[in-house]
Amino acid sequence: MSEKKKKGMTAAEKRTAYWAWAFVAPTIIGLIVLNFYPAINTVWQSLCKTGDFGRGNTFVGFANYAKVLSAGETWQSLWNTIKYALIEVPFGVVIALILAVFLNQKLKGTSVFRTIFFLPMVCAPAAVAMVWKWLYNQQFGLLNNIFHTNVAWISNPKIAWISIAIIGVWSVIGYNMVLFISGLQEIPGDYYEAASIDGANGVRQFLSITVPLLSPTTFFIVQTRLIGALTVFDLMFMVMDKTNLALQKTQSIVYLFYTYAFTNGNKGYGATLVMVLVVFIMIVTFIMQKAEKKFVYYN
Amino acid sequence: MSIEARNRMNKIIMYVILVIMAFIMLVPFAWMILTAVKTNQESISVAPFYILPHNGWHWENFATVWKSYNFVILYKNTLLMIFFRVVCACLTATMAGYAFGRLEFPGKKFLFSLILIQMMIPAQIFIIPQYLMVSSLGLLNSVAGLVFPGIVTAFGTYLLKTGYQGLPKDLEEAAGIDGCNIGQKFLLIMMPLTRSAMISLGIFTALFAFKDLMWPMIVCTNSATTTLSAGLAKMQGQYGSDYPTMMASAVLAIIPMIVIYVIFQKQFVEGIATSGGKL
Amino acid sequence: MNLIRMKNRIVKWFQNERRKTAAMTPRAKAAYVWEYYKVPIVAFVSLVLVSIYLASHFVTAVRDHWVYIMFADTRAEAGNGSELWKGYVELTGFDLSEKAVDFNSEAWFDYAKDEGRGNRYFALFCGLTDEGVLDAVTMEADSLEGVGRSGRLMDLRDERCRKIYERYKDRLIYSVPYNTEYSTDPVPIGIDISDSALVTKYHLYEESCAIGIGAQSTHIEAVEQFLEYVMCTTGA
């Protein structure tokens, strides 16, 4: 901060600034040490050619970027990631919102339901993968048996990405729901009472009170889930085998990063993929922050 | 239709939707238990597919697992890690969240963008550098080492920033008149009001800490210092594809997590009586 | 300037509090202080305790390694404190208070089966190797051949491990690199030690056993000693 600007602040503003800096200091220092220092290391790696078999790294400038950006694989996986996010985020948010509104009523048994919806989040990933693999199994799976179809849910490149995204929606519902319930808690009850007296019905109340007053929470969920969906990884290898024909058309960009950085030992190339992803998410986030001013209501 | 009848109708519809969703969400959990009581052969058989155990319910699988691993130590380590991570995360995040949500200060935009950027970077790249830090601090195989990467949280800061932003403006102004400084205002007025956001942060921190597998596996090479999830991964490694054993241990592992959630969520929804809406 | 003002403010605050509590009994005073300042007090005390804890760890930490060897995909006990470990420490006479000898046998990934895809132990192996922490790794020969393709194991023709290369020339294991710029021919990355004590005496592996050296390893002499140790104790 420049000296000029400092002088331009009033005493009260200065005091506020001191308090604020003191408050953010632990978090910011922690993040710099724990996260930004490794991140800068990654930036450096993306500019290097990884030395293998005992040779050291060599600086190559933007050669990795040229390679990554000209590979069709990169764009395919980025597109796969976007497609995944386009299903996971809207469906996950809407379903969770509806459930949260239901569970915020004076209904019997809400705490039991809340616990049940939370369960998938604590289940062992192996159990989740087993269940979904069985559901999707072409010969013996429940889905094909119920609908009397013979669909290759996770090995047909045309539909595999949808099947994966459905698992994604299923696994984030509980997460989004907890956040929505906590947001709903902060809406004062008298707003609803006033609206009831005016004769507004449930749907009207939902649209005119819940939606605007919940918009900060909704924005937060959409923003964090969007980032989460764009960095999706675990889900992919949980369900997809490496021999799966649809892998090309479903693998996310982090999955591709994993393949290069870990399996192939090409860390420089992997780091470059991460950089491409981060830049992409930054652009999306920037757009969202602009949209926040328009659509989000803060009292 | 009278209002009474309409309300009833609404309630029934809500229950039907909730029950269907609950059923869908319960499937993997039920699956874990069903697999845990099968024999190994049944658990992997697909051609005649068994939903229920065919050769009797082998509840003794749980006892076998319980005996062969020291769950008490694993529970203890996990709970300690969760406790410290929750305390640290809530403390740092509530302070930073208040500053970002409520105060104006130079550098705010830039510093907040750091928070967002942290969330964008795939977590895989942090692990090895963090391991080297913990190792040079001499904290391998200790609770402090387990807690280390969870001291601060970008997610939590953002969450609580949203929480603070949602509070009415006039509150703070009223407090300002009474001669409170910012610290007092924060501590006595603002922080208690974001309780539900704090509790949801607590739940998520606990959940992420519980599910975190990679970190405990790296920093604790010793089975007396490791956590449940890492201990389970070890069992998976040792038992290979013995699914009943794996699932029995997984069920035993998630019990404390469910208890934590039930306790937390009771706090969390206490406000419902005063603020619940009607539909 | 600012500091003086800050000091004045603190003094004023302190006097103010003193005035308020002047008439109280010590007990009430303590209750008052606790009531209004419990959060800062608790925070401060825990901060101090944590700092002491971290500082003591920092001072007494053993930071460096004599050697770090990973025994992948074995069910036998070969970690620190095991028979295998004890024998090695005894043989080499390494001073453990100075640096650590780390044997890690908790790494289950069967590379030959699934390329370690999504396996966290494999990710750990990669990280440790890339950072130069890991000095050597053992696994079944076909797995080692697969791992070697990524360039994470040292090319044994390298100057640094010439001694090992000379000595175990007839036992080399080769793999073809993913990186075709490095070489399109097989590169020697491992040594077959299926007849070593690891198999015959400690039963880490059943079929075969091979050892590779981490590409960034700086403790090659210690690995050499390890090799001697497991090869010589055969049948002993």
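Visitor: How many residues do chain C and chain B each bring to their contact?
Guide: This is a predicted model: local features need pLDDT of at least 70, side-chain atom pairs count only at pLDDT 80 or more, and totals for chains, interfaces and linings use all residues. Residues are numbered from 1 along each chain as its sequence is written, while chains are lettered from A and ligands numbered from 1 in the order in which they are written. Two residues are in contact if their C-beta atoms, placed from the backbone, lie within 7 Å. The counts are 19 residues from chain C and 18 residues from chain B.

Visitor: Which element gives the most to the side of chain C that touches chain B?
Guide: Helices (H or I, at least four residues) and strands (E, at least two) are DSSP runs, numbered from the N terminus. Two elements of chain C give two or more residues to this side: α2 (26–60) and α5 (120–130). With 6 residues, the most comes from α2(C).

Visitor: Which helix of chain B gives the most to the side that touches chain A?
Guide: Here 81 residues of chain B meet 79 residues of chain A. One helix, spanning residues 3–36, supplies 14 residues to the chain B side. That helix is α1 of chain B.

Visitor: How many residues on that side of chain B are nonpolar, polar and charged?
Guide: Ala, Val, Leu, Ile, Met, Phe, Trp, Tyr, Cys and Pro count as nonpolar, Asp, Glu, Lys and Arg as charged, and the others, Gly among them, as polar. On the side of chain B that touches chain A, the split is 58 nonpolar, 19 polar and 4 charged.

Visitor: How many residues of α8(B) are buried?
Guide: A residue is buried if 20 or more other C-beta atoms lie within 10 Å of its own, exposed if 12 or fewer, and partly exposed in between, with C-beta atoms placed from the backbone. The cover over the buried residues of α8(B) includes α2 (11–46) and α10 (202–230) of chain A, as well as α4 (71–102), α5 (108–120), α10 (182–193) and α11 (195–211) of chain B. B:F155, B:Y158 and B:K161 are among the buried residues. Helix α8(B) is largely enclosed by the rest of the structure, because the buried share of its 12 residues is 11.

Visitor: What distance separates the end C-alpha atoms of α8(B), residues 154–165?
Guide: The expected span of a helix is 1.5 Å times one less than its number of residues. For the 12 residues of α8(B), that gives 16 Å. The model agrees, with its end C-alpha atoms apart by 16 Å.

Visitor: Which residues touch the most other members of the largest nonpolar core?
Guide: A nonpolar core is a set of buried Ala, Val, Leu, Ile, Met, Phe, Trp, Tyr and Cys residues joined through C-beta atoms within 7 Å. The largest one holds 222 residues. Its largest share, 15 residues, comes from helix α8 (residues 160–185) of chain A. The residues asked for are A:A100 and C:F125.

Visitor: Which residue stands opposite C:I213 of β6(C)?
Guide: Two strands pair if DSSP finds at least two bridges between them. Strand β5 (residues 187–192) of chain C runs antiparallel to β6(C), joined by 3 bridges. Strand β3 (residues 136–139) of chain C also pairs antiparallel with β6(C), over 4 bridges. Opposite C:I213 stands C:A136.
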